[in-house]
Amino acid sequence: MIQDALTTALPVLRALGEATRVQIVGVFLDRGGAASVGEVQEALGLPQSTVSRHLRVLLDARLLTVSRSGPHRIYRLDVPADALDALDALTTEVRACQAAPHP
């Protein structure tokens, strides 16, 4: 069970294993879950190429979806339920281990 959760959560954990991507997710959270490349760029003061590269990793990890709004691409925080459930299961397991008496 926990091994399945680890396997499901692994792409998310890998994607969030880099500080810039964690900051980018923070921008999405601050903006209600959606932002353009330019908005992320402005919020973090990073070059467009850097933001785009990190957004690609987050897209590949299924943390974001993208749609067009006129000439702009709008990225949305959209983590699949199975990944959220896996992260929740891992958190629950870690809490249980910490609460257990140690010999």
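**Notes on the fold: helices, sheet and a few single residues**

1. Ser49 has a relative accessibility of 47%, so it counts as partly exposed. The cut-offs explain the label: buried means under 20% and exposed means over 50%, with partly exposed in between. Please keep in mind that this is a predicted model. Ser49 is part of helix α4. Its C-alpha atom lies 9.5 Å from that of Val37, and the two residues are 12 places apart in sequence.

2. Val37 leads to the next contact. Helix α3 covers residues 37-44, and helix α4 covers residues 48-60. Their axes come within 9 Å and cross at roughly 115 degrees. The crossing is right-handed. From α3, the contact uses Val37, Val40 and Gln41. From α4, it uses Gln48, Val51, Ser52 and Leu55. By class, these residues are 4 nonpolar, 3 polar and no charged.

3. A general reminder helps with the helix pairs. Two packed helices are described by the angle between their axes and the distance between the axes. Look for both numbers in each pair.

4. Which way do α2 and α4 lie relative to each other? Helix α2 spans residues 19-30. It packs on α4 at an angle of about 80 degrees, and the axes are 10 Å apart. Angles of 65 to 115 degrees count as roughly perpendicular, so α2 and α4 are roughly perpendicular to each other. In α2, the residues at the contact are Thr20, Arg21, Ile24, Val25 and Phe28. They meet His54, Leu55, Val57 and Leu58 of α4. The classes here are 6 nonpolar, 2 polar and 1 charged. Leu55 deserves a second look: it takes part in the contact with α2 and also in the contact with α3.

5. Is His54 buried or exposed? This residue sits in helix α4. Its relative accessibility is 5%, so it counts as buried. Set aside the neighbours within four places in sequence, and His54 touches Glu18, Thr20, Arg21 and Ile24. Thr20, Arg21 and Ile24 are also listed on the α2 side of the helix contact.

6. Now the sheet. It is open, with 3 strands in the order β1-β3-β2, and the pairing is antiparallel. β1 (34-36) and β2 are the edge strands. Each has a single partner strand, so one side of each lacks a neighbour in the sheet. From one strand to the next, the twist averages 30 degrees. As background, strands of a sheet pair through backbone hydrogen bonds, either parallel or antiparallel.

7. Take β2 and β3 in detail. β2 runs over residues 64-69 and β3 over residues 72-77. They pair in the antiparallel sense over 6 bridges. Thr65 faces Arg76 of β3. Ser69 stands opposite His72 of β3. The two strands form a hairpin with 2 residues between them. What sets Gly70 in the turn apart in its phi? The value is positive, about 65 degrees.

8. Compare that glycine with Arg62. Arg62 belongs to the loop between α4 and β2. Its phi is also positive, near 65 degrees, in a residue other than glycine. Check this one in the model. Most residues other than glycine have a negative phi. Arg62 has a relative accessibility of 41%, so it counts as partly exposed.

9. How do the helices meet the sheet? α3 lies across β1 and β3 and runs at about 90 degrees to β1. α4 lies across β2 and β3 and runs at about 120 degrees to β2. β3 is thus named in both packings.

10. Finally, the two ends of the chain. Helix α5 covers residues 81-99. The axes of α1 and α5 come within 8 Å and cross at roughly 120 degrees. This crossing is left-handed. On the α1 side, the contact uses Ile2, Ala5, Leu6, Thr8, Ala9, Val12 and Leu13. On the α5 side, it uses Asp82, Ala83, Ala86, Leu87, Ala89, Leu90 and Glu93. The classes are 11 nonpolar, 1 polar and 2 charged.

11. Where is Met1 found? It is in the segment before α1 (2-15). At 78% relative accessibility, Met1 counts as exposed. Its C-alpha atom is 9.7 Å from that of Ala86, although 85 residues separate them along the chain. Ala86 is one of the α5 residues in the contact with α1.

Terms used
Residues are numbered from 1 along each chain as its sequence is written. This is a predicted model: local features need pLDDT of at least 70, side-chain atom pairs count only at pLDDT 80 or more; totals for chains, interfaces and linings use all residues. Side-chain values use heavy atoms; hydrogens and water are left out. Two strands pair if DSSP finds at least two bridges between them. Helices (H or I, at least four residues) and strands (E, at least two) are DSSP runs, numbered from the N terminus. Axes are lines fitted to C-alpha atoms, for helices over the stretch in contact, and angles run from 0 to 180 degrees between N-to-C directions. A crossing is left-handed if the near helix is turned anticlockwise from the far one by less than a right angle, and right-handed if clockwise. Contact means heavy atoms within 4.5 Å. Ala, Val, Leu, Ile, Met, Phe, Trp, Tyr, Cys and Pro count as nonpolar, Asp, Glu, Lys and Arg as charged, and the others, Gly among them, as polar. Buried means under 20% relative accessible area, exposed over 50%, partly exposed in between (1.4 Å probe, protein chains only). Angles under 35 degrees count as roughly parallel, over 145 as roughly antiparallel, 65 to 115 as roughly perpendicular and the rest as oblique.
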